Amino acid sequence: MGMGYLILAGAIMLFSWLVSSRLKSKFEHYSKLQLQNGMSGAEIAEKMLADNGIRDVRVISTPGRLTDHYNPADKTVNLSEAVYNQRNAAAAAVAAHECGHAVQHAVGYQWLTMRSKLVPVVNVASTYMQWILLGGILMMKTFPQLLLVGIIIFAATTLFSIVTLPVEYDASNRALAWLENKRMLTPQEHAGAKDSLKWAARTYVVAALGSIATLLYYVSIYMGGRRN
């Protein structure tokens, strides 16, 4: 299982690198596709919120690159500086996608609700998980229960990565449907937005697969230790 896991982990890392590289190239490409309507990412976001009857969510600019996110705690759509200000297909895609999360929140989308409830658990788990797992492996002979605790904690983070998948795909679907129904983009621009979001979603798929593989690895160590 050790060698098998190394091969699987290597394959997932390679796939993750390929997807990330492809995503970067896609966004760079569609960042050059300027919108004919002349709207910025911030304006796209504000219009999507308004069209969905959402009046209590603010659209703000946040420093950094790829820092775009929706914060359900303070009801803000946070757009990176480039997305907030630029007027291209990539910016429109990201802005609408983050507003898709705001729409999910407004309608009580169950997967978003579940993910939000898991956030505090994952935050605590990320602080102690690696130390507990390491200690569990080192103390496998004398105190195997410690590794089991680590596995349970890691399973919570794996569940989070799995729950994230429908949340992200649904947000993209809501964004693309709105962009199309409201005729916000030309056919070429809409195709670019769709392609951008498709590759962005695949990064979450890779993360979930990596988490599942790692969880199974720790489970195999625990089961092997018990047999010995």
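A residue counts as buried under 20% relative accessible area, as exposed over 50%, and as partly exposed in between, with a 1.4 Å probe and protein chains only. By that criterion Trp-131 is exposed, because its relative accessibility is 66%. This is a predicted model, in which local features need pLDDT of at least 70 and side-chain atom pairs count only at pLDDT 80 or more, while totals for chains, interfaces and linings use all residues. Residues are numbered from 1 along each chain as its sequence is written, and side-chain values use heavy atoms, with hydrogens and water left out.

**Nonpolar cores**

- In the largest nonpolar core (buried Ala, Val, Leu, Ile, Met, Phe, Trp, Tyr and Cys residues joined through side-chain atoms within 4.5 Å), which has 43 residues, Ile-44, Leu-49 and Val-77 touch the most other members.
- Two or more residues each come from α1 (2–30), α2 (41–51), β3 (76–80), α4 (89–107), α6 and α7, these helices (H or I, at least four residues) and strands (E, at least two) being DSSP runs numbered from the N terminus.
- The most is given by α4, with eleven residues.
- Apart from this core lies another, of nine residues, including Leu-133, Met-140, Tyr-218 and Tyr-222.

**Loop residues with positive phi**

- Most residues other than glycine have a negative phi.
- Leu-66, although not a glycine, has a positive phi of about 60°; Leu-66 is placed in the loop between β1 (58–62) and β2 (69–71) and is exposed, because its relative accessible area is 64%.
- Arg-183, also not a glycine, has a positive phi of about 50°; Arg-183 lies in the loop between α6 (145–181) and α7 (187–227) and counts as exposed at 74% relative accessibility.
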